[in-house]
Each structure stands twice: as structure tokens, then as C-alpha cells.
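Me: I have a structure to go through and some short questions about it. Can you keep the answers plain?

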Amino acid sequence: LTGYLLSNRMGEAIVLFGSINLPPLLVADQAQMALMESVHKWINYSLIGITTLHILAAFKHHMIDRDATLHRMWLR
């Protein structure tokens, strides 16, 4: 969502699946574009951090707790 709004702010055309043109919701504004870039960046960093913690927790269950959590996750 932030990427879409950021692209709107930059005045770029957004094409979904190569054929569907999405209408711009916002007009170009430098102050709001800077805010959207910051929000977009920090959401990405947060997702990377949460994913990393999730992977580390799975390996903790496998290596330290020696339970079947990772095995069950891998089979699903």
C-alpha cells in the first residue's frame, strides 16, 4: 500500500498484471512523498526483522528445545 501511494506521489503510472491501470489517488507533493518514503522504508525493515526473528525462533525450537516444531512446520 505504501509503495502504491509513493508511486502516486511520484506521478508514475501503476499497471497491475501488465494490463490493469490503477488510478492515482493522490497528487504529487514533496513533503508527503518524503513521509511515504520513510514509512515505506521502516515497514520493510520491520518485516525483515520479524521474519528473521521467526526463523531464529524455529531454529531455537529445533536446536535447543529439540522438539518437533520445525519438522511440523516444514511438512505443512
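Reply: What follows covers a salt bridge, an aromatic pair and a surface patch. This is a predicted model, where local features need pLDDT of at least 70, side-chain atom pairs count only at pLDDT 80 or more, and totals for chains, interfaces and linings use all residues. Residues are numbered from 1 along each chain as its sequence is written, and side-chain values use heavy atoms, with hydrogens and water left out.

Me: How many salt bridges does the structure hold?
Reply: One (a side-chain nitrogen of Lys or Arg within 4 Å of a carboxyl oxygen of Asp or Glu). Lysine 60 pairs with aspartate 65, and their closest N and O atoms are 2.7 Å apart.

Me: And is lysine 60 buried or exposed?
Reply: Partly exposed, at 38% relative accessibility. Buried means under 20% relative accessible area, exposed over 50%, and partly exposed in between (1.4 Å probe, protein chains only).

Me: What about aspartate 65?
Reply: Aspartate 65 is also partly exposed, at 36%.

Me: New topic. How many aromatic pairs are there?
Reply: The count is one. Tryptophan 42 and tyrosine 45 are edge-to-face, 5.2 Å centre to centre with 80° between the planes. Rings of Phe, Tyr and Trp (its six-membered ring) pair if their centres lie within 6.5 Å; planes under 30 degrees apart are stacked, over 60 edge-to-face, the rest tilted.

Me: Where do those two sit along the chain?
Reply: They are three residues apart in helix H2, so about one helical turn separates tryptophan 42 and tyrosine 45. Helices (H or I, at least four residues) and strands (E, at least two) are DSSP runs, numbered from the N terminus.
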